[in-house]
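Biologist: Here is a chain to go through step by step. Please keep each answer short and give the reasoning before the result.

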Amino acid sequence: METLLARIAAETHSTPGDLIALVNELRPPQASQTELARRNLLALCYLLEQNPTFRSGLRDYLLRLLAARKQSHLYADTGIFPGTGFFAEASQRLTWKVLPPAYNDGYMKDVFGLVFHQRDDWEWITELDDDAWLRLLEALHFNEQTETTILTKPLCEILEAITTLSHRLTALGLENELTRIYPAIEQFGSPFLGQSEEIANYVREYHEQLAGQREQHCDEKQALVLLGQCRDILGKIRKSIPQTGVSVSLTQLLVRMHQIIDRLTLMFQLLETSG
């Protein structure tokens with residue numbers, strides 16, 4: 001691992017090869033060997049804490065990797081139902097078995113697919129406790145990063161993902177299956193419509209702050225209130241299902257909307273923490 005960290009510190013590229021190699025060092029032979037993965041991660045943290053060159057080299061490499069790639073799809077799509085039907089999704093997966101989708105180095109979503117290429121990677125990653133990952137972040141000492149402009153790209157990508165998800169939530173909130181059960185969704189003042197306008201204002205002001213055109217942006221509180229109201233409406237729709245009936249498409253729609261609301265809430269937390 002020391003040899004790899006030394007190589008990363010000596011180079012100035014932003015290709016994913018070294019990140020793939022680093023994750024290979026952390027990955028246990030079997031996904032169930034969580035304790036071994038934890039020891040590997042803590043060993044990496046120790047090396048970073050003890051060697052400022054390794055620390056700054058890996059930190060700068062990761063920031064270059066992010067800055068050189070499109071990230072919004074990773075934030076807006078990964079872990080959220082795509083909205084396709086069963087047969088369309090099954091057909092696509094079968095097609096990918098024969099002809100896998102082309103890899104695009106310009107998208108961080110594709111890079112993640114290369115880095116975590118084992119089917120069972122999710123097992124050892126999710127089994128590692130939060131303290132271990134927090135220690136890695138602390139060991140990288142991002143507070144030592146003097147070049148602040150390099151962080152602008154990830155922030156703009158998160159803002160773009162927030163805008164995308166906000167528009168999707170508005171469109172899904174006006175789906176016929178929902179308006180049939182809860183007609184008030186279409187009324188003026190619906191939170192599904194209101195959150196889009198509120199989030200658009202937030203994103204615009206955040207961009208202006210990044211460009212130095214204002215000292216601070218509006219806070220996210222009102223947007224979170226409206227997202228909470230959207231969540232409440234979905235809860236009412238779910239409770240009314242025994243009387244109104246249920247379908248696979250309705251179930252998928254409700255789950256997808258909950259996922260979007262959760263992702264929006266998480267990204268607001270990321271932005272406000274970074275600010």
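Biologist: How many helices and how many strands does the chain have?
Modeller: This is a predicted model. Read along the sequence, the pattern is α-α-α-α-α-α-α-α-α-α-α-α-α-α. The count is therefore 14 helices and zero strands.

Biologist: What share of the residues counts as buried?
Modeller: The C-alpha trace spans about 65 × 50 × 35 Å along its principal axes. The accessible surface of the chain is about 15500 Å², and 56% of that belongs to carbon and sulfur atoms. A residue is called buried when its relative accessible area is under 20%. Of the 275 residues, the buried share is 36%.

Biologist: Which helix gives the most residues to the largest nonpolar core?
Modeller: The largest nonpolar core has 65 residues, and Leu48, Ile162, Leu169 and Leu264 touch the most other members. The helix that gives the most to this core contributes 10 residues and covers residues 248–274. That is helix H14.

Biologist: Which residues does Leu169 contact, leaving aside neighbours within four places in sequence?
Modeller: Leu169 is one of the core residues that touch the most other members. Contact here needs heavy atoms within 4.5 Å. With the sequence neighbours left aside, the list is Phe192, Gln195, Leu227, Cys230, Met257, Ile260, Ile261 and Leu264.

Biologist: Why do the buried residues of helix H9 lie on the same side?
Modeller: Helix H9 covers residues 130–140, and its buried residues are Ala132, Leu136, Ala139 and Leu140. They are on the same side of H9 because the arc they cover around the axis is only 100°. In general, an α-helix has 3.6 residues a turn, so residues three or four places apart point the same way. For H9, the value that settles the matter is the arc of 100°.

Biologist: Which helices do the buried residues of H9 pack against?
Modeller: H9 has two sides to consider. Asp130, Asp131 and Glu138 are exposed on the other side. The buried residues pack against helix H3 (34–50) and helix H4 (52–67).

Biologist: What is found at the start of H9, and which residue just after H9 takes a positive phi?
Modeller: At the start of H9, a side-chain oxygen of Asp129 comes to within 3.2 Å of the backbone nitrogen of Asp131. Beyond the other end is the loop between H9 and H10. A residue there has a positive phi of about 50° although it is not a glycine, and it counts as partly exposed at 25% relative accessibility. The residue is His141.

Biologist: How far apart in sequence are the parts that Asp121 and Arg27 tie together?
Modeller: The side chains of Asp121 and Arg27 meet in a salt bridge, with N to O at 2.7 Å. Asp121 lies in helix H8 (residues 121–127), whereas Arg27 lies in the loop between helix H2 (17–26) and H3, so the pair ties together parts that are 94 residues apart.

Biologist: Are Asp121 and Arg27 buried or exposed?
Modeller: The limit for buried is under 20% relative accessible area. Asp121 has 2% and Arg27 has 14%. Both values are under the limit, so Asp121 and Arg27 are buried.

Biologist: Which residues are linked with Lys70 in a network of salt bridges?
Modeller: Lys70 forms a salt bridge with Glu157, the closest N and O atoms being 4.0 Å apart. Lys70 is in the loop between H4 and helix H5 (72–77) and Glu157 is in helix H10 (residues 152–173), so the pair ties together parts 87 residues apart in sequence. Lys70 counts as partly exposed at 24%, while Glu157 is buried at 4%. The network links Lys70 with Lys153, Glu157 and Glu160.

Biologist: Which residues does Ala37 touch, not counting residues up to four places away in sequence?
Modeller: Ala37 lies in helix H3. At 0% relative accessibility, Ala37 counts as buried. The residues Ala37 touches are Leu26, Pro28, Trp124 and Leu128.

Methods:
Residues are numbered from 1 along each chain as its sequence is written. This is a predicted model: local features need pLDDT of at least 70, side-chain atom pairs count only at pLDDT 80 or more; totals for chains, interfaces and linings use all residues. Side-chain values use heavy atoms; hydrogens and water are left out. A nonpolar core is a set of buried Ala, Val, Leu, Ile, Met, Phe, Trp, Tyr and Cys residues joined through side-chain atoms within 4.5 Å. Buried means under 20% relative accessible area, exposed over 50%, partly exposed in between (1.4 Å probe, protein chains only). Helices (H or I, at least four residues) and strands (E, at least two) are DSSP runs, numbered from the N terminus. The arc is that of the directions from the helix axis to the C-beta atoms. A polar contact is a pair of N or O atoms within 3.5 Å; within protein, one must be able to donate a hydrogen and the other to accept it, and residues adjacent in sequence count only if both atoms are side-chain atoms. Accessible areas come from the Shrake-Rupley method with a 1.4 Å probe; for residues, only the protein chains shown count as cover.
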